[in-house]
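Me: I'm new to this one, so could you walk me through a few of its details?

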Amino acid sequence: VKSNPLPNSRDENVTIALLSITCILQVAFAIEVVCKISCLGFRGYFMSKRNIYEFLITLLGLGFVCAAVIALSMGMNGIDLMFQQVQRLGIACIIFRYSILIGKITALKMLMQTLALTIIRSTSVFLSLIVFLVCYALLGVVLFSQVKWGEGIDRHANFYSGSNAIMVMFRVMTGEDWNKIMHNCMIEPPFCLEGSNCGDPALALIFFLTFYILVSFIFLNIFIAVLMDNFSLFYSSEEDALLTHTELKKFLE
């Protein structure tokens, strides 16, 4: 039976179209750099660190254009290793170009500053959550390491070791079918061997409910409070803001 070549050819045409659009945009960025240099001069253009960074990214983009043209001229497709490397280079160009846009667009720059400040100020919350998760995971190893496998506990999710227990508790923290794991840890005779691989309904309820409630209603709310506080710092009106955007800009300069 012959395979249908249409999906592969269709994917190859889409890839070639995307590469062509990317090459056109990279050439447009290069023209922009040339226009800036012609207006400001070499010395005036390279006095700005942002312009130097943009110039290097543009050179990287032109390198991607050359590599893409060579790959297409050699008749390569998505299976070839060199073609995959060319695609990764294009993705890197997009990411670096996005970082340039962050510095130019004020709203986007303030959003990134808010996220960065939130991560920094939430370090203690994250560390406390990690310690809390590890403690519960080790307690789960002590209580439920011998529980019989079932619908919730299997070779992927179990309390046999500390690393497995940490992954299970992280899954409970995200709310991914954690109730099945809890019910599996509540198994009783005659569905298990008493004193061997049975669970404990009372301990399972206390263990999982307390963990989920503390994570969902305490740690998550603390993180949201820090995030809202940072947004109020950057996005309040100029009259009510603790620091106006003008003051922040002067401080950075």
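Reply: Happy to. One definition to begin with: a polar contact is a pair of N or O atoms within 3.5 Å. Keep in mind that this is a predicted model.

Me: Which backbone nitrogen does the side chain of N184 reach at 3.2 Å?
Reply: N184 is found in helix 7, residues 178-184. Its side chain also has a polar atom 2.9 Å from the backbone nitrogen of I153. The one at 3.2 Å belongs to G152.

Me: Is N184 buried or exposed?
Reply: Setting aside neighbours within four places in sequence, N184 touches several residues, including V147, W149 and E151. Its relative accessibility is 8%, and the cut-off for buried is under 20%. So N184 counts as buried.

Me: What arc do the buried residues of helix 4 cover around the axis?
Reply: Helix 4 runs over residues 106-121, and its buried residues are L108, M110, T114 and T118. They sit on the same side of helix 4, because they cover an arc of only 160°.

Me: And which exposed residues does the face turned away from the buried side of helix 4 carry?
Reply: That's the face opposite the buried residues, which include L108 and T118. The exposed ones there are I119 and I120.

Me: How many residues apart are F132 and F219?
Reply: The structure holds 17 aromatic pairs. F132 and F219 form a tilted one, 5.3 Å centre to centre with 40° between the planes. F132 lies in helix 5 and F219 in helix 8, so the pair links distant parts of the chain, with a separation of 87 residues.

Conventions:
Residues are numbered from 1 along each chain as its sequence is written. This is a predicted model: local features need pLDDT of at least 70, side-chain atom pairs count only at pLDDT 80 or more; totals for chains, interfaces and linings use all residues. Side-chain values use heavy atoms; hydrogens and water are left out. Helices (H or I, at least four residues) and strands (E, at least two) are DSSP runs, numbered from the N terminus. Buried means under 20% relative accessible area, exposed over 50%, partly exposed in between (1.4 Å probe, protein chains only). A polar contact is a pair of N or O atoms within 3.5 Å; within protein, one must be able to donate a hydrogen and the other to accept it, and residues adjacent in sequence count only if both atoms are side-chain atoms. Contact means heavy atoms within 4.5 Å. The expected span of a helix is 1.5 Å times one less than its number of residues. The arc is that of the directions from the helix axis to the C-beta atoms. Rings of Phe, Tyr and Trp (its six-membered ring) pair if their centres lie within 6.5 Å; planes under 30 degrees apart count as stacked, over 60 as edge-to-face and the rest as tilted.
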